[in-house]
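Thanks, everyone. Please put the sequence and the 3D view up side by side. I'll walk you through it.

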Amino acid sequence: MIQKMSQPKMSPTNAKKPVKIAVGYGDGIGPEIMKATLKILKEAGANIETETIHLGEKIYLAGNTAGIEEAAWKTIDDTKIILKAPITTPQGKGYKSLNVTLRKSLGLFANVRPVMALHPYVKTHFPEMDVVIIRENEEDLYAGIEHQQTQDVVQCLKLITRPGCEKIVRYAFEYAKAYGRKKVTCMVKDNIMKLTDGLFHQVFDEIAVEYPTIESNTEIIDIASARLAAHPERYDVVVTSNLYGDIISDIAAEIAGSVGLAGSANIGTNVSMFEAIHGSAPDISGKGIANPSGLINAAIMMLAHIGQRDIADTIKNAMLVTLEQGYHTADIYQEGVSKEQASTQGFADKLIENLGKLPKELKISKLSEGTGEIIIPEYVRKQEKQVLVGVDAFINWQGTDPNIVGKKLDTINSFKLKLKMITNRGVKVYPAGRKETYCTDHWRCRFVAMDAKIKEKTPVYEAVEYEQIIALLSTLNQEGFEVIKTENLYEFDGRRGFSLGQGE
Ligand code: NAD
């Protein structure tokens, strides 16, 4: 079954029907830049109908810890599209981040951030830069599952799922196709995280072959971030997981010199939200001097998303003309380059005067030349044979010599399960560890079927029953070991579903 993204189709029967948009005016400079942006949308002829939703500081301070009025959810259910100005999260405990709430509860899985240089009108070392970062928005370390397990050790779970990878990678290729982009680069760290980042890379390779006209490659995130910072013009569309994407999208915006100018989209299967990347700027709020371009760029992305790409191009090109004419807000004003320091509304009014004109030097926006809707197929789970072959029992032990705990665990025999190795912070320390390896109070003890043997250097594991693991844990408990967590070891269609210890 095909699942379409939330873009209303512009067919002859509904072409005149305005698209409903939920609008959040936000806090600080939010209302000023939203007013300017909505005026531009109206003057450019955007076929939309807006409905205000109440969210942000006032709602928080009225005692709603989520920062969004109940009625707003109903409006969002109805419109499925949100244009949101930045909000202020009050300091102090108990207030939840509204952005995280919206992202997670609405399933906004893709964060899309185009970053383009506007040289020489906005200072940058990279005049040719024109990159779109597509960041997975729901998974990875941002699942927020953290535990302190011993006095020394805290843990954060990195969750990467096949459906999550398929959705974001497919979205990146579909985006490239729909917006006429030539290349998609995947950024991962699968030389270290072979299972989690390895899955992201594998899914990327699987999906890339379905788009033979789009060039694709994979780079290791550390060197890729350095290259992005040094040669951003070499990248076109980048797709990556949540944490890496968070970092590189800020790097990209910063080196383009345009943190205050960048817009972003948070795309979900049913609902999508568009906003500027900057915050509510309380220091300049109420002065009428904020740059509205970040929110205008977000609105341009929204128009492209709802199928009004011609209007999106008209607004973008008028914005570029206004910048070329030298009407610059205070944040980007440059002596000798700028003609006039524009106010928020002054910039919007100049932009409106320029609707219909094309920039002379800056790259003309041609969103309308892209084709097609973005289509994400529903996830289909392939059935694999999942076989239990052992367990990693994590033990809280305050000693320092791995041989003491190792020799004691060697004597434990529970059905077929027997100690294979002990690691500390992932490094094998028993049997045959090195005395230099520093050990904390957190010991991973791997138990597998006793008759596990080495066959052509690859361990062959025997299937075990879960009852045998329970019996093992019970024995460990009776012997005085404190098991603070366990991870079952599985094979999937004969493929090992767990990493080896370093030095195993
Ligand atoms: P900020 O982005 O609001 O401001 C950082 C600096 O950039 C300030 O000097 C500000 O004056 C300037 N600036 C930001 N946008 C500008 C614009 N459009 N024109 C001209 N100058 C601009 O970041 P902050 O000060 O760290 O955060 C302020 C508040 O915004 C906080 O409450 C924070 O939680 C919130 N915030 C909200 C969002 C959001 O709603 N999406 C995002 C980031 C921060």
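Let's begin with the domains. The domain assignment splits this protein into three pieces. Domain 1 comes in two stretches, 1–107 and 257–370. Domain 2 covers 125–250. Domain 3 runs over 386–496. Keep in mind that this is a predicted model.

How far apart are the C-alpha centres of domain 1 and domain 3? They lie 54 Å apart.

Now the inside. In soluble globular proteins, nonpolar side chains tend to be buried together. Here, the largest nonpolar core has 80 residues. Leu41, Leu83, Val112, Ile134, Tyr171, Leu303 and Ile315 have the most contacts inside that core. Which domains feed this core? Domain 1 and domain 2 each give at least three residues. There is also a second, separate core, with 23 residues. Trp397, Leu409, Tyr430 and Phe481 are among them.

Next, the ligand. Find it on the screen. It is surrounded by 18 residues. Ile87, Gly279, Ala281, Asp283 and Asn291 are the closest. What classes make up this shell? By class, 7 are nonpolar, 7 are polar and 4 are charged.

Let's take some polar contacts one by one. Look at Ser280 first. One of its backbone N or O atoms sits 3.0 Å from an oxygen atom of the ligand. Then go to His278. An N or O atom in the His278 side chain is 3.2 Å from a nitrogen atom of the ligand. Last, Thr89. A polar backbone atom of Thr89 is 3.3 Å from a ligand oxygen atom. And how much of the ligand does the protein bury? On its own, the ligand exposes 810 Å², and the protein buries 63% of that.

Finally, the cysteines. How many disulfides does the structure hold? The count is 0. Take Cys156. It is in no disulfide, and the nearest cysteine sulfur, in Cys165, is 17 Å away. Cys156 is partly exposed, at a relative accessible area of 30%.

Now turn to Cys165. Why does its sulfur make no bond with the closest cysteine sulfur? That closest sulfur belongs to Cys186 and is 8.9 Å away, so it is too far for a bond. A disulfide needs the two sulfur atoms within 2.5 Å. Is Cys165 buried or exposed? Cys165 counts as buried, because its relative accessibility is 1%.

That's my tour. Over to you for questions.

Terms used
Residues are numbered from 1 along each chain as its sequence is written. This is a predicted model: local features need pLDDT of at least 70, side-chain atom pairs count only at pLDDT 80 or more; totals for chains, interfaces and linings use all residues. Side-chain values use heavy atoms; hydrogens and water are left out. A residue is near a molecule or strand if one of its heavy atoms lies within 4 Å of it. A polar contact is a pair of N or O atoms within 3.5 Å; within protein, one must be able to donate a hydrogen and the other to accept it, and residues adjacent in sequence count only if both atoms are side-chain atoms. Accessible areas come from the Shrake-Rupley method with a 1.4 Å probe; for residues, only the protein chains shown count as cover. Ala, Val, Leu, Ile, Met, Phe, Trp, Tyr, Cys and Pro count as nonpolar, Asp, Glu, Lys and Arg as charged, and the others, Gly among them, as polar. Buried means under 20% relative accessible area, exposed over 50%, partly exposed in between (1.4 Å probe, protein chains only). Domain bounds come from an automatic or database domain assignment. A nonpolar core is a set of buried Ala, Val, Leu, Ile, Met, Phe, Trp, Tyr and Cys residues joined through side-chain atoms within 4.5 Å.
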